[in-house]
Protein chains: 2
Amino acid sequence: MNDCQATTMKDIAEKFGVSVSTVSRALNGSTRVRKDKRDAICEYAKQHDFYPNNIAKSLRNSKREPIKLIGVIVPEFTHYYFSSVLTGIEEAAAARGYRIIITMSKESYEREVQICQMFEAHQVCGVIVSQAKETMQYDHFKLLQNKGIALVFFDRICTGINASLVVVDDYMGAFKAVTHLIETGCKRIAFYGMKGRAEIGKNRYNGYRDALLKAGITPDDNLIIACDNREDAEKLTPEMLERNDRPDGFFCVNDDTAIGVMYTAKRMGFNIPDDISVCGFTNGNRAVACDPMLTTVEQRGVEVGKEAATILMDQVERLTDPDKIEKRVVRTRLVVRGSSR
Amino acid sequence: MNDCQATTMKDIAEKFGVSVSTVSRALNGSTRVRKDKRDAICEYAKQHDFYPNNIAKSLRNSKREPIKLIGVIVPEFTHYYFSSVLTGIEEAAAARGYRIIITMSKESYEREVQICQMFEAHQVCGVIVSQAKETMQYDHFKLLQNKGIALVFFDRICTGINASLVVVDDYMGAFKAVTHLIETGCKRIAFYGMKGRAEIGKNRYNGYRDALLKAGITPDDNLIIACDNREDAEKLTPEMLERNDRPDGFFCVNDDTAIGVMYTAKRMGFNIPDDISVCGFTNGNRAVACDPMLTTVEQRGVEVGKEAATILMDQVERLTDPDKIEKRVVRTRLVVRGSSR
């Protein structure tokens, strides 16, 4: 036998003059094969580097059922939103007997490509992705689709490819939050928004703007700044609050930024929420750690994960037309706490 | 051919009167095989449900190198500590060309067993686990070891099995924290400790007790209670603080509990840290969201993950004796912030 050629069950069967089924039984430890023969077969298989392919086996054993393994790619783990999406995916998958492989792209295009190759090698039936910031080419995703692997995007959706997706209703989330600030007395509301990441930032900005317009307030460019983390919020907020026409409300695109605003305002002697109202976006575990607790828009990551997994499993099981592109929007929820009046 | 019997490359080779190498080339799309023959072979393979085993193939292609896939089991994802351990594992693994499959047991023994079976089917080279609270039997772990799969525990270590492990130095973490509270003027320090989970809780309690004893303070049983979450902390703290001999310092086994104590004490009119000092354990993202920011013991999850992955990869690559049990202790670090004097 050629050195590079793998030993097959058939080779082993021939060697021992038994059927392939007998080899299979022996390797599975079945007592239907005599112990001495079983031991001899196992020993031979071991010596000849015979690896039974369990995955292919499970595929064959249940020909009608697709292999129940879902690959997941997230940019990072230590982010409350992503870990809640993972929890949702896991719960929905487990309920239907699927297992998941979770990987992290660390925002790297190269890693994302490698992960997709691994997923293909592991014969996943579908992949759920929130793509890396770096990713501008989509061939690795298209390749998966061409191989018949279902593909669903969430949160950071990929506009360069035709695939199902789940997004959070950022526009309505922002609209409801800003409307709440207006209704509770705020007249000058600042917007602290995303740098880069156009799509999400734009939707939240539009929700902010439309809420103001609906209330008859003209948006003021001086109140709109690019600031999406606590460090920057602590740097930029003092100048905002020293102005004569200082804002009396802040809508921030995430909780971290909102907490930075609140912390700075308190240090400057302002009372939250009497002087200034602050609203965030996420509702992670930080939102209840701060004092006062944060009014914020809940992103409902668990729900996003469940929706994404459900679309994927329905496609895999042909419950929906696999060529149909599904687009689902998960509604946000405004959680009012002590940081607003 | 028997229905249950898988088609092999050898079957296909016989059918077409070519060598197995030719079949392999054809299936890989090599132009060294004439197009019409290549197409015919691919079509036949498809019709006969022939799945090339990519994983076993990669194994065979690099006989000396073990398959570079690590399975990881954590109880949950939305927990800052576990997600930081995952980040550490991922970083160390990626640096040495390994990939990871991450799964969540949700504290269920049954799920843990199923995950171990899946890991075996996917031919992982090793498994890193923080076991489920429910798990009291360890056969599923022993089975992995018997199959030659390396096994490393972290955090919640498994005392029923001989395996390498990585733990955080809970004793010294608590000792240093309580010593800091004493040195900054606290005379009566309460201990809010774990319910259940004996091992970790015991080490932190011992650190607390020994720090008191070293400073000549006799531990007072009235100041030691089972309380390890915010809700309970908000319920139990008022009674503590209404006593005449109320504590002037709190050492809590996690940040969540410490934040609950702080929140309650502030609502009761106490000043933190002038009247009462509070110290937590974790240093998650909540620790800087609260106000004042929390003095806490950093658990260094990323470091724990890196150590666990390194021990595992060294065993897989036989850089260390695979039968040697490694026990590594990751040192904690006291982070002093505004909640203590």
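The expected span of a helix is 1.5 Å times one less than its number of residues. The exercises below use that rule and a few others. The model is predicted.

## Exercise 1: Check the length of a helix

Task: What span should helix α11 of chain B have, and what is the distance between its end C-alpha atoms?

Solution.
- Step 1. Find the helix. α11(B) covers residues 255-267, which is 13 residues.
- Step 2. Apply the rule. At 1.5 Å a residue, the expected span is 18 Å.
- Step 3. Compare. The end C-alpha atoms are 18 Å apart, so expectation and model agree.

## Exercise 2: Where does α11(B) sit?

Task: How many residues of α11(B) are buried, and which elements do they pack against?

Solution.
- Step 1. Recall the cut-off. A residue is buried if its relative accessible area is under 20%.
- Step 2. Count. In α11(B), 10 of 13 residues are buried, and the helix is mostly covered.
- Step 3. Name some of them. The buried residues include B:Asp255, B:Ile259, B:Val261, B:Met262 and B:Tyr263.
- Step 4. Look at the surroundings. The buried residues pack against the strands β6 (189-193), β8 (249-252), β9 (277-282) and β10 (295-298) of chain B, and against α10 (230-242) of that chain.
- Step 5. Look just past the helix. There, B:Gly269 has a positive phi of about 95 degrees.

## Exercise 3: Classify three helix pairs

Two packed helices are described by the angle between their axes and the distance between the axes. Angles under 35 degrees count as roughly parallel, 65 to 115 as roughly perpendicular, over 145 as roughly antiparallel and the rest as oblique.

Task A: At what angle do α6(B) and α7(B) cross, and which residues make the contact?

Solution.
- Step 1. Read the geometry. The axes of α6 (residues 109-121) and α7 (residues 139-146) of chain B come within 9 Å and cross at roughly 15 degrees.
- Step 2. Classify. The angle therefore makes α6(B) roughly parallel to α7(B).
- Step 3. Add the hand. α6(B) passes α7(B) in a left-handed crossing.
- Step 4. List the contact. α6(B) gives B:Tyr109, B:Glu112, B:Val113, B:Cys116 and B:Glu120, while α7(B) gives B:His140, B:Phe141 and B:Leu144.
- Step 5. Sort by class. This contact has five nonpolar, one polar and two charged residues.

Task B: At what angle do α1(B) and α2(B) pack?

Solution.
- Step 1. Read the geometry. α2 (residues 20-27) of chain B packs against α1(B) at about 105 degrees, with the axes 8 Å apart.
- Step 2. Classify. The pair is therefore roughly perpendicular.
- Step 3. List the contact. B:Met9, B:Lys10, B:Ile12 and B:Ala13 of α1(B) meet B:Val20, B:Val23, B:Ser24 and B:Leu27 of α2(B).
- Step 4. Sort by class. There are six nonpolar, one polar and one charged residues.
- Step 5. Zoom in on one residue. B:Ala13 lies in α1 (residues 9-16) of chain B. B:Ala13 is buried, with a relative accessible area of 4%.
- Step 6. Compare sequence and space. B:Ala13 and B:Val23 are 10 residues apart in sequence, yet 6.0 Å apart from C-alpha to C-alpha.

Task C: At what angle do α10(B) and α11(B) pack?

Solution.
- Step 1. Read the geometry. The angle is about 45 degrees, and the axes are 8 Å apart.
- Step 2. Classify. α10(B) is therefore oblique to α11(B).
- Step 3. Add the hand. The crossing of α10(B) past α11(B) is right-handed.
- Step 4. Name part of the contact. Among the residues that meet are B:Arg230, B:Ala233 and B:Leu241 in α10(B), and B:Ile259, B:Tyr263 and B:Thr264 in α11(B).
- Step 5. Sort by class. The contact has seven nonpolar, four polar and three charged residues.

## Exercise 4: Backbone details in the loops

Task: Is the peptide bond from B:Ile272 to B:Pro273 cis or trans, and is B:Glu107 buried or exposed?

Solution.
- Step 1. Read omega. The value is near 10 degrees, and the bond is cis.
- Step 2. Place the proline. B:Pro273 lies in the loop between α11 and β9 of chain B.
- Step 3. Check chain A. A cis bond joins A:Ile272 and A:Pro273, with omega about 10 degrees.
- Step 4. Turn to phi. B:Lys106 has a positive phi of about 50 degrees, and B:Glu107 has one of about 65 degrees. B:Lys106 is not a glycine, and nor is B:Glu107.
- Step 5. Place them. B:Lys106 lies in the loop between β2 (99-104) and α6 of chain B, and B:Glu107 is found in the loop between β2 and α6.
- Step 6. Judge exposure. B:Lys106 is partly exposed at 35%. B:Glu107 has 19% relative accessibility, so it counts as buried.

Key. Residues are numbered from 1 along each chain as its sequence is written. Chains are lettered from A and ligands numbered from 1 in the order in which they are written. This is a predicted model: local features need pLDDT of at least 70, side-chain atom pairs count only at pLDDT 80 or more; totals for chains, interfaces and linings use all residues. Side-chain values use heavy atoms; hydrogens and water are left out. Helices (H or I, at least four residues) and strands (E, at least two) are DSSP runs, numbered from the N terminus. Buried means under 20% relative accessible area, exposed over 50%, partly exposed in between (1.4 Å probe, protein chains only). Contact means heavy atoms within 4.5 Å. Axes are lines fitted to C-alpha atoms, for helices over the stretch in contact, and angles run from 0 to 180 degrees between N-to-C directions. A crossing is left-handed if the near helix is turned anticlockwise from the far one by less than a right angle, and right-handed if clockwise. Ala, Val, Leu, Ile, Met, Phe, Trp, Tyr, Cys and Pro count as nonpolar, Asp, Glu, Lys and Arg as charged, and the others, Gly among them, as polar.
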